[in-house]
Every structure is written in C-alpha cells, then in structure tokens.
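Let's walk through this one together, starting with the big chain-level picture and ending with how far to trust it. Have the viewer open as you read.

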Amino acid sequence: MLAVQNAVSELGSELRLLAGTTAATLGRLWMPLLGLMLLGWSANEGSILLAAEIVPVWPWGVVVVLAIGMIAQLATILAVLRLVSGHLGVPEMLATTSMGPAGEDQRDTGLLQLLTVSLLPFLAIYAAFGFVRDYAARVTILSGYRRGSPELLSALNPLQSPTTMTWMLVILAAGYLFKKLIDPWLARSKHPLLLGLVQVVVEASLAFVVLLGGFRIYEAIDLWQSERAFWGWIDQAAQWSRTLLPFDLPAAIALAWAVLVRQVGPFLFDGVGRPLLWLAMAGLVFGPRALSLAELWQLGEPAGEITTRRERILAKLRQDTERARGVRLVALKAQRFFFGGVDATVLGAWQSLRLVLRAGWPFLGAFVIAFTVLDFSADQLDLWVTRLLGGQPIRFWIRVYPFLDLLHLVVMMGITWVLLTVAYSRAMSIFAARTDEVEPVLVAAAPGRKTALRDVGTKAITVAVITGLVLVAASAVPTKLGDEINTAQVLTSVGINDQQVLIDKPRVAKSVQMYGKTVTTAGVFVVVPAVVHTPGPVGGLVSAQLVSGQNTYLPVDSALAPTASPGFVLLEEIVFEVDPADVNADARVRFTPYGEDPVLQGYREVAELWLGLSPDRVGDALATTEIAASQRMAK
Amino acid sequence: MTGQNFSWPQRLASRGARMLLIGVLAALLASGAWLYLARNDGRRFVPATVVAAGQTYRLGTGSIRLNRLYLTEKVDGWPPVNQASFVTAELRADLSGLPSGQSCLFFLQAGEYSFASVPSYASLDPPLYGRCEPGALGTIQVSFEVPSRLLDKVDGLILIIDEPVLMAGRIS
C-alpha cells in the first residue's frame, strides 16, 4: 500500500511539475512564442493558397511551393523548441556533460545550423504523423473546389500518361541520388548552410511527389500482386485448414487480428505511443549531448569506455568494418551509401525515444496524462467552436478553415510544443539528478525515492492503471461531429443551409398509382408530400430518407428527393416502401442538402421532420393512393 | 560551452514584442490574401471574359454574338410556371472555328443567379443544334425560365465552351 501511495505521490508531483513549468514558460515567453507560431501558420496557409492557385498553370510547381511552406513552418517549430529549452536552462545543463569535442553540435550555433541538422529527421517523423499528407490533401481539396476539377491529382498521376510516369521516376531517382551525393559536397562547399537548406527542400519535395502522385505506382503494383494466383492458394490452404481443426482457425485469426488492429492497436498507439513519439521528436533538437547525458547516468563515468552490451556490439561492428576487404568492403560501402540516411532519421529518433523510456514510470505516466488532456482539449475546442458557428454550406467552411486551423496550429500546438520541451527537459534532468557532475534544471517537489525491486512493479502497475483510466475516459468522449439537426413537425418550414423544406401529413397505403401503373408491396407505402424552396442563388441536390429506429429508407422512385433550382419552389410527393414495424412515432424524414458541391461537405444543417405516425396507421392503411404529379412555381 | 553560442534563442526571447508584431503582420497578410481569393466562392460561374453588349466574341476563326434578350409567352407550346417568365436569347453564330466534338452550354445570368436553358429550344434558319455543331453558320435561340421578380436583374448570357464567357445584355 505504501508503494502505491508513493507511486501516486510521485505521479502527482511529476504532473504538477510539467503543468506548472509549462504554464510558467507560456506566461514568460508568450510574445515570442505566439509570434513564431503565427509565422508558421502564415507560412502554412500561404503556401496552401499559393499552391492551389498555381495548379492550373504549373501543377509540378505545387510540389516546391508546399515543400517550402512546410519547411518554413517546421523552422518556426524548431525555433520554439530551442527557445523554450534555452529559457529552461537546458543548454547550460548539457554543456557540463563531458563529451568533449565529440559533443560539438551545430545546433547550438545558429538557427540556420539548427535547421540543416534537425529538419530532416523532424520532417520524416512529421510525415509519419500524417501532417504532410494532410497538407497535400488540403491543396487538392481547395484546388478541386475552386477549379472545379481534380487537376492536381490528374496532372501528377504517373498512370495517366507515359510522360508523367517518366518524369515521376526521373525525379524520384534524381532526388535519391542527390540525397546520397550531397554529403561530400556539404563538407567541401563554401556555403554549407545554403546547400543544407537546398538539401532539406529537395527532401520535402520528394515527400510531396510521393504523396501527390508516386503512391499510385505503389497502388498499381499492389493491385497487380493482389490479383496473382498466390492469394488463391492461400485461400485454398485456409479452406483446407478448416477441415483439420475443430474450430475455424482462419476466422479466429481474422477476428483476433481485427481486435488487435482496429481496437487495441489504435488505443495503444494513439493513447501511449503517439505522445511518446512526439516527445522523441522534440528531443531531436537537443542532439548528441542529450544522449551523452543518458550514457553518463547509465555508466556512472564519462562516456567513451565500453561497458554495456550495446557498446560491445558497436565496437565489434566497427572492428569488422575496419578489417573488411574486397567484396565485403564494397558491400559495406554500398550498404552505407544506400541506407546511410537512416542514421539521420530513424536512429536519431529511436535513440531519443529510448532515453525518454528510461526516465521512469512516474514521469512517463505524468507526461502521457498531460499530453492526453491537452490533446483532448484541442479536439473539444475544435468541436465546440464548430457547433458555435452552426451548420453552414461548404463555401463557409472553406473560407473559415484557416482561422479554425489557427486555433489548433497556433494556440493548442503552441502549448503542446512547450509541454514537449518541458517534458524532455525533465527527462534529461532525471538523468542529471542521478549523476554527480550535472546539475538538473527541473526538479520535482517530491523527488523519486530509491525503490526496492519488488516495489518497482507496483509503481509501474499503479502508474499504468491511473494513466489507462485517463486514456479510457478521454477516448469515451465523442470527438466527431455529424451534422446540425433541425427538427420540426409537419407543416413547419425548416432551413437546411441555403434551402427550406416542409412536409405535409403523410399517407399510408398498401399500393400506389404512379406513372400510370399500380405498384404493390409486401410492406406498406408511406407517401410524404414535401416542399423544397431555394430562395437564393445557391441551391443543389437535396436527398430525402425515411428514418425509423435503426432503419433508413430511400425513396422508391429515385435516390434523390425534390430539388428546387434557385428562385423556385417544388412540391412533390415522396414515396417510401417501409416495413410496417417501422411505422411508428419514431419515423421521420431526413432532408440533407448537398449544396454547391456534391462531394465536399462541412458541418451542415440537416432537417429531420417528424411524420406523426403511429402503429395503428398500418391497420388503417389505404388500399391504394394516387401519387400527384410534381409542381413548380417561382418565389 | 559559453552563452554566446546560444545567443540566438536569447535574442529571440528578448525581442518578444518585435517577434509578435512580425507574426501578427504575417498572419494579417495571409488572412487578407485568403479572404480575397475566397471572394468568389459559392458563385456558380466566374466569367473569365466579359463581352460588352452588342459585341462579338471570337471563337477561333469564327464568332458568336448575343443579338437580343426578350420575353416569350410559351416555349414548345408550354407557358412558364406560376410567377415565372421565359427569357429567350437570340445569338448569331459562326462556328467554323469550333473544334470537332466541341459543345456549348448556355446559362442566363441575373445578378448572383444563373439559370440553365430549358430542355428544348428552337432554332431559326439555318437550324443549329444543342452541341454547337462545328462549321455551322446561323442563329441559335435558347430559352430560360426565370422568376419574374428577377427580370430586371438579368445582365447577360453565360457561354461555356472552355471557360465561362459573359455576353452582356438586357431584356429588350
């Protein structure tokens, strides 16, 4: 019990430290932080806007514009991380580590140096979080909406024409070679910073080339291989395995996989993995000094002597490389040439993540909780602002999207970056506190006590349970918004964005007379007289569905309901073929406007008009009813 | 490690107000550009070219001109619906410059409203077809059903071949 109390106390202490330091830092540095985040936002939105405008003129130019915009935004984020770490005193703490010349790091001397060294791994992880994909998607949507056709995607589709395919492959190959050849140039160049920035622009451009068009090559290959006979053999093997076992093994594997991939996996990744990856990403700006701090703690003496298993393996690999001759030497050099870039991206982040994971359970739990609360708040803020603005047509959401994005990118992400820097600084302070050489910059009020081995497990379980409860609570709150539903009874006009709808009392019948024919049913027909009015210049398709309980019915004659063109009113009787069990008080007609764009929708107004039905209407149903012809009038 | 190696973050922190001002100005610029480029969002057509009333629009080696806009009581024997009127556009067309397979779309513009042509329209001598038959020469007549309250707002005909062209005109 004491171990549990200690764990809770330490968790609370870490949480207070993270929250308090984040708040204090924001209070102290809000001006430069806000300025930097606004600069980043401007670069982001400006590049999207420019890219959408140049699509009709030069689609390939979009790649460079987006790359530069994203790099500019990432640069401001890196500046924020470095600014906050400087305020916390982290560079001074790291300066006292005894790495000597091996610890010299260009990140320390200037913003441009920081960019050229840190931007590549940062870009890779940023892309892994889907930000680059979202960036490209916004340009695609905006250019499609304003230009009326998906010119960007078709222009960059390598499957569209041999010319595009050729250009795509040439650009990807040239970019890859450039990445490999630039390192020796950097070393010899008189302008290493400029060349470094060019390198980053090339990397970012390649990422967008892949996202906007290159993925189709992968899709085509994937489609081709999925049609091979090999998969048919797999199916046959699965069928045969069913005959061997008393249970359906393939179905069991599929079910287990579905649970793992669709429920457990996303929960663990989103709840735990994502915050830790973000934290590892923030740590990339601190460079090898941070890692040396972890080594210092682990070894208890200056880094450089080989005492751990990992260092023994590295030393052996180094020896093997030095002794390699002939074909082995060529193979090693080729391996380094083609895969050496992995060092700069994945390994750097991996080392950063390993450092974070060794900082202790209370710290990890406190950080995940703090990040989750922040993330949850960001989602809820977005939700509530959207609700406040109400259902609107798509042109409204296209216009305000950058300003909604400002709330997220500037306010919430600004706070998140500060929290990440504070957390990483705290992780390094934890290591510093375990050495005699380095003075930690962030110290918890209730410092962690030396814990007996048997209590380590108790501490871990306590922290994991509390953190898990917070994650479950956060995930239980809805974060998705449907449509704004306006409800009314019969003979009450309701607005749905640019249009108005109204229904009259419905009729229930066993058969209907329409287009000169009698149509019968095993269920019943519900005939709803409806009026749609488009008073303004914008109007579009309106769909109608009858909803009752879990069931939804489309009109029998068409998938579309009455649609009035601008300035006109349309009266039409909509016929639904319905299960008699769904003729009850819950039955209503939902009118959904598609507006000016049938593909793009935002948070829109939808009408649900109660039909006022009851189960006894089935027994009293008309034998037959004639469907009146539709009528139009101007208004 | 001396402080001067970290001077740029310190400079950034000490010039917070200036940094904020720069950020705000950049944001205002980006916002202004965004709102300006969004000014036509929601409009069905944004004409790339405006042809003054009575002027001829060149179509390659051919041309097209809006002769007049006038009210019609019936189209194909049918009157307009309640509180609406038919507006007919008469165009003089030389479609010799039109590429093979090219077609035309006509819309009537009345302020922010635009109206599609009614499904059938008659043509005078020599007859032309809805596809703007390449090589043809003659008169096209296109009719539109318009709410009567918008008649005084009619300001021309939108012709769409590659991009929207507004041929200005008023109902005579």
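**A tour of the two chains**

In chain A, take the contacts between residues at least 6 apart in sequence: 79% of them join residues at least 24 apart. Keep in mind as you look around that this is a predicted model.

The secondary structure of chain A is mixed, with 18 helices and 12 strands. As for packing, 39% of the 635 residues of chain A count as buried.

Now swing over to where the chains meet. Chain B puts 34 residues in contact with 39 residues of chain A. Which helices of chain B each supply at least two residues of the side that touches chain A? Those are α1 (7-14) and α2 (16-37) of chain B. The largest share comes from α2(B), with 14 residues. Sort that side of chain B by class and you get 24 nonpolar residues, eight polar ones and two charged ones.

So much for the layout; what about confidence? Chain A has a mean pLDDT of 82, and 84% of its residues reach 70 or more. Residues 100-104 of chain A are a weak spot, with pLDDT below 50. Beyond near neighbours in sequence, that stretch has four contacts in the model. Another stretch to flag in chain A is residues 294-303, where pLDDT stays under 50. For residues 294-303 of chain A, the model has 18 contacts beyond four places in sequence. Before you build anything on those contacts, remember that predicted coordinates should not be read in detail where pLDDT is low.

Conventions:
Residues are numbered from 1 along each chain as its sequence is written. Chains are lettered from A and ligands numbered from 1 in the order in which they are written. This is a predicted model: local features need pLDDT of at least 70, side-chain atom pairs count only at pLDDT 80 or more; totals for chains, interfaces and linings use all residues. Helices (H or I, at least four residues) and strands (E, at least two) are DSSP runs, numbered from the N terminus. A residue is buried if 20 or more other C-beta atoms lie within 10 Å of its own, exposed if 12 or fewer, and partly exposed in between; C-beta atoms are placed from the backbone. Two residues are in contact if their C-beta atoms, placed from the backbone, lie within 7 Å. Ala, Val, Leu, Ile, Met, Phe, Trp, Tyr, Cys and Pro count as nonpolar, Asp, Glu, Lys and Arg as charged, and the others, Gly among them, as polar. pLDDT is the predictor's confidence in each residue, from 0 to 100.
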